[in-house]
Amino acid sequence: MSGAELVTEADVEAYERDGAVVIRGLFRDWVDQIRAGIERNMAEPGPYAAENLKPGEGGRFFDDYCNWERIPEFRAVIEGSAAGAVAARLMRSQTAQVFHDHVLVKEPGTSKPTPWHQDGPYYFVDGRQTISFWSPMDPVREASLRCVAGSHRWEKPVLPTKWLTEENFFPDTGEYIPVPDPDKEPMRFKVLEWEMEPGDAVAFHYKTLHGARGNDSPSRRRAFSLRLVGDDARYVERPGRTSPPYPGHGMQPGERLREDWFPVIWRAA
């Protein structure tokens, strides 16, 4: 599948306008492989794996990232699926370059939501051409990813916080705004949310404010995320340690991400 048939010009315009759009069936042919990769990831966590619940909070909220090079199922999806071509089309980019993968699992009875946040402020990369795919591996009805339309165009980014402790991730230097709560101001914020089938994917910009509901259903919710960048993405420095940190990368501000660490998976002919 080339990916061209999955994306319309209306999808591209919605992505540019809202900072998020759903792409039906992007990983439909890869669901079994991704599920197997998630099981392998949970059985063999990487160095960045985290449990995101405090003592006494019910359920389990597991996440881990930067594992695609050691988990063959994830590598196969990244290299073989249409994700690179779809990302490039949505970004209007001539290339699609891997940044990292991310697994999130909420077991039944996990009422804790994923906090509202933007991905971009945690990262050492910035640019107009950035994209994340969030794809559920279980049917989603009332526990979906939620994105605030247009938040990728806000003048200032949102201050990143630590999910477990809710502390600031960086010192507040004045260049960030506090994390808003769209649920408390429904007239101010337009929240996008979709019912989804396994393999559907929400594509959203790194600067799009997003969160996710808790999982009060009797079924687990597994999600696979893939983060890519396009032509204009460049390395930037932040006020502190980034997430992911990628120690020893050796890049300087203004440089493209090094392709031996962050390979280009799609390039225009």
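For these notes, a helix is a DSSP run of H or I with at least four residues, and a strand is a run of E with at least two, numbered from the N terminus. I'm working on a predicted model, so that goes at the top of the page.

**Entry 1: overall picture**

I started by counting elements and got four helices and 14 strands in the chain. The radius of gyration came out at 17 Å, close to the 18 Å from the globule rule for 269 residues, so the chain is as compact as a globular protein of that length. Along the principal axes, the C-alpha trace spans about 55 × 45 × 40 Å. Of the 269 residues, 54% are buried. I then looked up contacts between residues at least 6 apart in sequence: 81% of them join residues at least 24 apart. The exposed surface is about 11,800 Å², with carbon and sulfur atoms supplying 49% of it.

**Entry 2: helix α4**

How many of the nine residues in α4 are buried? I got eight, so the helix (residues 83-91) goes down as mostly covered, given that buried means under 20% relative accessible area. The buried ones are A83, G84, A85, V86, A87, A88, L90 and M91. I checked A85 by itself: it has 15% relative accessibility and counts as buried. Its C-alpha lies 8.1 Å from that of R267, although the two residues are 182 apart along the chain. Just after α4, I noted that R92 has a positive phi of about 55°.

R89, also in α4, is partly exposed at 33% relative accessible area. Its side chain meets that of E9 in a salt bridge, 3.4 Å from N to O. E9 sits in helix α1 (residues 9-18), so this pair ties together parts 80 residues apart in sequence. E9 is partly exposed too, with a relative accessible area of 33%.

**Entry 3: other salt bridges**

The whole-structure search gave 23 salt bridges. I pulled up E193 and R213, which pair at 2.8 Å, N to O. E193 is in strand β9 (residues 191-193) and R213 in the loop between β11 and β12, so the bridge ties together parts 20 residues apart. Both ends are partly exposed, E193 at 30% and R213 at 33%.

K162 and E167 form another bridge, at 4.0 Å. K162 is partly exposed at 36%, and E167 is partly exposed at 45%. I also found a network of salt bridges linking E39, E107, D138, R220 and R222.

**Entry 4: aromatic rings**

The same kind of search for rings returned 21 aromatic pairs. For F27 and F133, the centres are 6.3 Å apart and the planes are at 85°, so I logged the pair as edge-to-face. F27 is in the loop between β1 and α2, while F133 is in strand β7 (residues 130-136), 106 residues away. Buried or exposed, then, for F27? Buried, with a relative accessible area of 0%; F133 is buried at 0% as well.

Next came Y246 and F262, again edge-to-face, with 4.8 Å between centres and 80° between planes. Both lie in the loop between β13 and β14, so this pair ties together parts 16 residues apart. Both are buried. They belong to a cluster of ring pairs that also includes F99, Y123, F124, Y206, Y235 and W261.

Last lookup of the day: the charged end of K106 sits over the ring of F61, 4.7 Å from its centre.

Conventions: Residues numbered from 1 in each chain as written. Predicted model: local features only at pLDDT ≥ 70, side-chain atom pairs only at ≥ 80, totals over all residues. Heavy atoms only, no water. Phe/Tyr/Trp six-rings, centres within 6.5 Å; stacked < 30°, edge-to-face > 60°. Buried < 20%, exposed > 50% of the residue type's maximum accessible area, 1.4 Å probe, protein only. Lys NZ or Arg CZ within 6 Å of the ring centre and 35° of its normal. Rg over C-alpha atoms; globule rule 2.2 N^0.38 Å. Contact = heavy atoms within 4.5 Å. Areas by Shrake-Rupley, 256 points an atom, 1.4 Å probe, with all protein chains shown as cover.
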